[in-house]
Amino acid sequence: MKLTKRAGALLLAGTMLLSSAAAVMAEDTTESEVVTQVAETVEQAVLEPTLYQVGDFVKDEENWTYAADSVVFEDGKLNFIPKGKSFITYTGSKMGDGAVQLNATFNFNDGNAWGGFAIRCVNDTAVSWSGNHSYLVVVKKSQIELQRYNTSGNKFLTIVENDGLIEENKPCNITLGSIEVNGGVQVFMYADDKLVFNCFDGDGKANTNEGYLSVYGGAGVSVDAYEKETLATIPAGFALVKTENTLTAPIPAVISFGEEAGEYVVTWGKNDVYQGELTELQAAGAKEFAGYNPVGIYPEAEAQEDGYVLTEADDNKYITAYVKDANGALLCFADAFYNDTVEKEKEKMIILLTECEYSYVFGEKVMIDPDDAWVVPTIENDRTLVPIRFISESLGAEVTWDPETSSVIITQEDTTIEMQLGKKEYTVNGEVKEMDAEATIIRDRTMVPLRVISETFGKNVFWDPKGLIIISDEAPVWDSVEDEEIIDKIIEEIKLFA
């Protein structure tokens with residue numbers, strides 16, 4: 001079976017920001033798809049965020065930085081004077097693992113303006129989109145967006161439809177927080193008692209720094225003290241665990257606001273597109289940030305009682321686990337798992353690249369000659385020459401050198417191969433064969449034509465014009481045209497310092 005360009009694109013996506021997952025609105029599930037109660041699958045750590053009250057911050061007017069004539073402090077509130085994208089930052093304290101609580105009223109100017117918040121801001125005088133490390137929440141009349149900004153660029157984490165979550169000119173209790181957990185940062189938001197999003201930013205570029213709180217005014221925002229209420233405990237982000245051919249969804253931690261966790265259930269979804277198919281709303285919102293699509297919908301997949309059992313139908317698919325409460329409301333979901341058949345194929349191969357000192361040997365990246373980085377496959381007189389000792393030993397053969405005859409002797413089980421420098425003839429168990437070029441010495445290592453590998457060891461050899469060489473037992477599954485994206489990706493991977 002050839003690996004198509006489509007599979008190549010999936011491989012590329014999978015090796016990029018595979019770990020990015022955000023809480024999105026998934027399709028309703030049926031009772032048959034409820035597969036496990038998360039609370040019973042793992043002993044969970046309880047994470048208790050520090051709660052910061054903006055009502056206290058407002059009393060500390062001197063520790064806010066803002067443009068002149070953009071904000072008025074009055075009666076325990078701060079009120080923006082509409083000036084477009086004005087913002088204000090509290091510098092009285094930095095916040096790390098915790099949540100800020102406030103009451104806010106937004107004027108969206110009939111959908112033509114937005115307000116919002118940024119947390120973990122490194123710079124107190126710069127907007128997020130200037131490269132200021134932060135998580136920015138954009139509150140619009142139609143949708144609520146979570147975006148990440150830092151030196152690695154901007155990234156959409158999710159877009160949630162604002163279907164009555166935050167209404168125009170109506171006060172709303174908001175809890176917005178972030179906690180470093182499980183190799184990333186969990187960012188979550190409540191509007192009144194409703195969970196807006198619960199996103200795990202786990203692609204290795206998360207903002208783990210402490211930072212300031214900024215409020216963005218838009219057409220007009222009023223901020224004052226949070227009206228106390230109890231919020232539900234929610235699960236933190238997690239990665240799926242693969243055991244043999246089964247995926248399970250252990251959640252190692254919950255984020256607690258004091259109320260005990262209810263019964264959690266897991267449902268499964270899969271897609272052949274990284275980050276899933278975007279809803280119409282998400283696709284429209286993502287146009288503002290070309291190349292930074294939010295996580296989308298993974299159509300529901302058939303569930304098994306104890307997890308998700310992988311089959312051939314899941315080859316080169318992305319699979320995730322949704323965590324919902326007993327009423328079916330989405331709480332979070334796992335980092336997508338990519339069922340990568342390309343990686344499985346690599347484990348069966350020796351992969352080399354001309355003029356490159358590295359190789360993959362049955363999935364493990366190794367240096368061809370640790371003592372000399374200049375020992376590489378090369379091309380001479382239109383013939384590809386490869387280091388015979390390295391390939392032979394990688395295949396489990398024993399290699400010796402006879403200085404009297406200047407010969408290489410290769411022994412593997414009941415087969416003996418002998419090659420003499422400067423000659424095209426060689427023998428396999430005494431039978432004389434001929435190479436299309438003579439064995440030669442380069443940097444004190446014996447090099448032979450690539451074709452000899454298939455003739456002497458009975459292996460299949462694939463060669464790509466870009467210099468990629470694949471040696472395997474089975475017939476080559478690669479095609480230079482159809483699998484060009486895969487080949488290009490493997491070439492880039494093999495060039496990287498091990």
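What pLDDT does the chain average, and what share of the residues score at least 70? The average is 84, and 89% of the residues reach at least 70. These values belong to a predicted model. One stretch falls low: over residues 1-42 the pLDDT is below 50. That stretch still has 139 contacts in the model beyond near neighbours in sequence.

## The chain as a whole

The chain has seven helices and 39 strands. It holds 498 residues, and 52% of them count as buried. Many contacts reach across the sequence. Among contacts between residues at least 6 apart, 62% join residues at least 24 apart.

## The seven-stranded sheet

One open sheet has seven strands, in the order β3-β6-β15-β8-β9-β10-β11. The pairing is antiparallel. Strands β3 (64-66) and β11 (153-161) each have a single partner strand, so one side of each is left without a neighbour in the sheet. Neighbouring strands here are turned by 20° against each other on average, direction ignored.

Inside this order, β8 (residues 115-121) meets β15 (residues 211-216). The two pair in the antiparallel sense over four bridges. Phe117 has Val215 in β15 as its bridge partner.

## The five-stranded sheet

Another open sheet has five strands. Their order is β31-β32-β33-β34-β35, again with antiparallel pairing. The edge strands are β31 (398-402) and β35 (431-434), and each pairs on one side only. On average, neighbouring strands of this sheet are turned by 25° against each other, direction ignored.

Strands β32 (residues 407-412) and β33 (residues 415-420) share six antiparallel bridges. Ile409 is matched with Glu418 in β33.

## Strand β13 and its two partners

How many of the eight residues of β13 (residues 184-191) are buried? Eight of the eight are, so the strand is largely enclosed by the rest of the structure.

Strand β13 pairs with β12 (residues 172-181) in the antiparallel sense, over eight bridges. It also pairs with β14 (residues 194-201), antiparallel too, over seven bridges. Val187 takes part in both pairings. Ser178 stands opposite Val187 in β13, and Cys199 in β14 is the bridge partner of Val187.

Both connections are hairpins. Two residues lie between β12 and β13, and Asn182 takes a positive phi near 55° there. Two residues also lie between β13 and β14, where Asp192 takes a positive phi near 55°.

## Strand β26

Strand β26 (residues 349-353) is mostly covered, with five of its five residues buried. In a regular strand the side chains alternate between the two faces of the sheet. Here Met349, Ile351 and Leu353 point one way, while Ile350 and Leu352 point the other way.

Strand β26 and β39 (residues 468-472) are joined by five antiparallel bridges. Leu353 stands opposite Leu468 in β39. Two bridges join β26 to β27 (residues 358-361), which also run antiparallel. In that pair, Ile351 stands opposite Tyr360 in β27. Strands β26 and β27 form a hairpin with four residues between them. Glu355 in the turn has a positive phi of about 65°.

## Pairings side by side

The strand pairs described above are listed here.

| Strand pair | Bridges | Residues opposite each other |
|---|---|---|
| β8 and β15 | four bridges | Phe117 and Val215 |
| β12 and β13 | eight bridges | Ser178 and Val187 |
| β13 and β14 | seven bridges | Val187 and Cys199 |
| β26 and β27 | two bridges | Ile351 and Tyr360 |
| β26 and β39 | five bridges | Leu353 and Leu468 |
| β32 and β33 | six bridges | Ile409 and Glu418 |

## Helix α7

Helix α7 (residues 484-495) has twelve residues. From first C-alpha to last, α7 reaches 17 Å, close to the 16 Å expected at 1.5 Å a residue. Its buried residues are Ile486, Ile487, Ile490, Ile491, Glu493 and Ile494. Seen down the axis of α7, the buried residues fall within an arc of 165°, so they line one face of the helix.

## A residue in helix α2

Val58 sits in helix α2 (residues 54-58). Is Val58 buried or exposed? Val58 is buried, because its relative accessible area is 7%, under the 20% cut-off.

What does Val58 touch, leaving out residues up to four places away in sequence? Its contacts are Trp64, Phe73, Gly76, Lys77, Leu78 and Val223. Val58 and Val223 are 165 residues apart in sequence, yet 8.4 Å apart in space, C-alpha to C-alpha.

Conventions. Residues are numbered from 1 along each chain as its sequence is written. This is a predicted model: local features need pLDDT of at least 70, side-chain atom pairs count only at pLDDT 80 or more; totals for chains, interfaces and linings use all residues. Side-chain values use heavy atoms; hydrogens and water are left out. The expected span of a helix is 1.5 Å times one less than its number of residues. Buried means under 20% relative accessible area, exposed over 50%, partly exposed in between (1.4 Å probe, protein chains only). The arc is that of the directions from the helix axis to the C-beta atoms. pLDDT is the predictor's confidence in each residue, from 0 to 100. Contact means heavy atoms within 4.5 Å. Two strands pair if DSSP finds at least two bridges between them. Axes are lines fitted to C-alpha atoms, for helices over the stretch in contact, and angles run from 0 to 180 degrees between N-to-C directions.
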